[in-house]
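I opened this notebook page to keep track of what I looked up in the model, one topic at a time. The entries follow the order in which I went through the chain.

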Amino acid sequence: MRAVRMVWVMVLCVLLVPAHVAAQQRPDALRMYREGNYDEAIRICEQELRANPQNMDSYVVLCWALVKNGRYAEAEQRALTARRINANDHRVIEILAEAQFYLGKNNESLALFQEFLSYVSDNAARVGNAYYFMGEIYLRQGRYQHADIALTAAVRVEPLLFYWWMRLGFAREMTGSYKTAAAAYDRALALNPSAAEARAGRERIQSHL
C-alpha cells in the first residue's frame, strides 16, 4: 500500500505543476532561434512537426532557422509545404521570399515580398527586411530608382542599420542623385565609421557635389 501511495503522490505532483512551469520545461524553438542556436531550433521544430504536421508556428521558426543556417533550398521546400497548409500566413510568405532571394530567384522573391507587404501593417515585424531585400533585388536588376524607393522605405523602418544606408547610397549614386547619395553614405559612416565600402562610395561621388 505504501508503494501505491507513493505512486499517487508522484502523479499528483506532475498534475499540479503550474502551466507556466510546464511550459518553461518544454524545449522552446523560438528561444533557441533568438539565441542563435539554429541547429537546436531546427531539431525542436522537426520534432514538433512530427507530432503535429499542421503546426504553422513550427514551420515558421524552422524556416527562419534554416535560412540563418544557409540551408536555403530546404527552407524553400519547407515553406512551400507550409503554404499548402495555409497559403495566407504572412510569416511563411516572407521567409519563403527570403529563401528564394538567396537562391537567386529574383522575380519570384520580389512577388512574394510584395504579397507579404500587402498583408501587414507598416510597423509589422520584418517589414524593414522585406523592403531591404526588394531593394537588393532591384539593384541586381539594375532598376536603381526602384531600389532607391525600396531602400528608403527600409531605412525609415530600421534607421540604425549602416549597411542598409550604404546600399541606399549606392542606389542613389547609380541614379546620379549625388547629394542624396552623399547623405546616405554619411549616415552609414556615422553609424559605422569603419565601413570601407561607404567611405569609398562617398569618395567616388565627391567630385559630383
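## Overall make-up

I began with burial across the whole chain, and found that buried residues make up 40% of the 209 residues in the protein. I note here that this is a predicted model, and I read each entry below with that in mind. For the secondary structure I counted 13 helices and zero strands, and the elements, read from the N terminus on, run α-α-α-α-α-α-α-α-α-α-α-α-α. I then looked at how far along the sequence the contacts reach: among contacts between residues at least 6 apart in sequence, 48% join residues at least 24 apart.

## The nonpolar core

Next I asked which residues have the most contacts inside the largest nonpolar core. The core has 61 residues, and the ones I wrote down for the most contacts inside it are Phe113, Phe116, Met134 and Ala198. Helix 5, residues 56-68, gives the most to this core, with ten residues. As background I add that nonpolar side chains in soluble globular proteins tend to be buried together.

I followed up Phe116 and, leaving aside its neighbours within four places in sequence, listed its contacts as His90, Ile93, Glu94, Ala125, Arg126, Val127 and Ala130. Arg126, one of these contacts, is found in the loop between helix 8 and helix 9. I marked Arg126 for its backbone, since it has a positive phi of about 70° although it is not a glycine. Arg126 counts as partly exposed because its relative accessibility is 23%, which falls between the 20% and 50% limits for that class.

## Helix 5 against helix 6

I then turned to helix packing, where two packed helices are described by the angle between their axes and the distance between the axes. The axes of helix 5 and helix 6 come within 8 Å and cross at roughly 165°. That angle makes helix 5 roughly antiparallel to helix 6, because angles over 145 degrees are put in that class. On the helix 5 side the contact is made by Met56, Tyr59, Leu62, Cys63, Leu66 and Val67, and on the helix 6 side by Tyr72, Glu74, Ala75, Arg78, Ala79, Thr81, Ala82 and Ile85. I recorded the crossing of helix 5 and helix 6 as left-handed.

In helix 6, residues 72-85, I also looked up Arg83. Is Arg83 buried or exposed? Arg83 counts as buried, because its relative accessibility is 18% and the class takes values under 20%. A polar atom of the Arg83 side chain lies 2.5 Å from the backbone oxygen of Ala87. Not counting residues up to four places away in sequence, Arg83 touches Val92, Ile93, Leu96, Leu112 and Glu115.

## Helix 7 against helix 9

For the second pair I noted that helix 7 and helix 9, residues 127-140, pack at an angle of about 30° with their axes 11 Å apart. The two helices are therefore roughly parallel to each other, as angles under 35 degrees count in that way. Their crossing is left-handed. Glu94, Glu98, Phe101 and Tyr102 in helix 7 meet Asn129, Phe133, Glu136, Ile137 and Arg140 in helix 9.

Ile137 came up again when I looked at Ser109, which is found in helix 8 and touches Ala97, Gln100, Phe101 and Ile137, not counting residues up to four places away in sequence. Ser109 is buried, with a relative accessible area of 0%.

## Lys105 and Tyr144

Where does Lys105 sit in the chain? I found Lys105 in the loop between helix 7 (90-102) and helix 8 (106-119), and at 31% relative accessibility this lysine counts as partly exposed. Lys105 touches Glu76 and Gln100, again not counting residues up to four places away in sequence. The C-alpha atoms of Lys105 and Ile137 are separated by 9.4 Å, with their positions 32 residues apart along the chain.

My last entry is on Tyr144, which lies in helix 10, residues 144-157, and counts as partly exposed at 27% relative accessibility. Beyond residues up to four places away in sequence, Tyr144 touches Leu139, Ala171, Met174 and Thr175. Tyr144 and Gly176, 32 residues apart along the chain, have their C-alpha atoms separated by 9.8 Å.

Terms used: Residues numbered from 1 in each chain as written. Predicted model: local features only at pLDDT ≥ 70, side-chain atom pairs only at ≥ 80, totals over all residues. Heavy atoms only, no water. Helix = DSSP H or I, 4+ residues; strand = E, 2+ residues; numbered from the N terminus. Buried < 20%, exposed > 50% of the residue type's maximum accessible area, 1.4 Å probe, protein only. Polar contact = N/O pair within 3.5 Å; in protein donor to acceptor, adjacent residues only side chain to side chain. Contact = heavy atoms within 4.5 Å. Core = buried A, V, L, I, M, F, W, Y, C linked by side-chain atoms within 4.5 Å. Axes fitted to C-alpha atoms, helices over the stretch in contact; angles between N-to-C directions. Parallel < 35°, antiparallel > 145°, perpendicular 65-115°, else oblique. Left-handed = near helix turned anticlockwise from the far one by under 90°.
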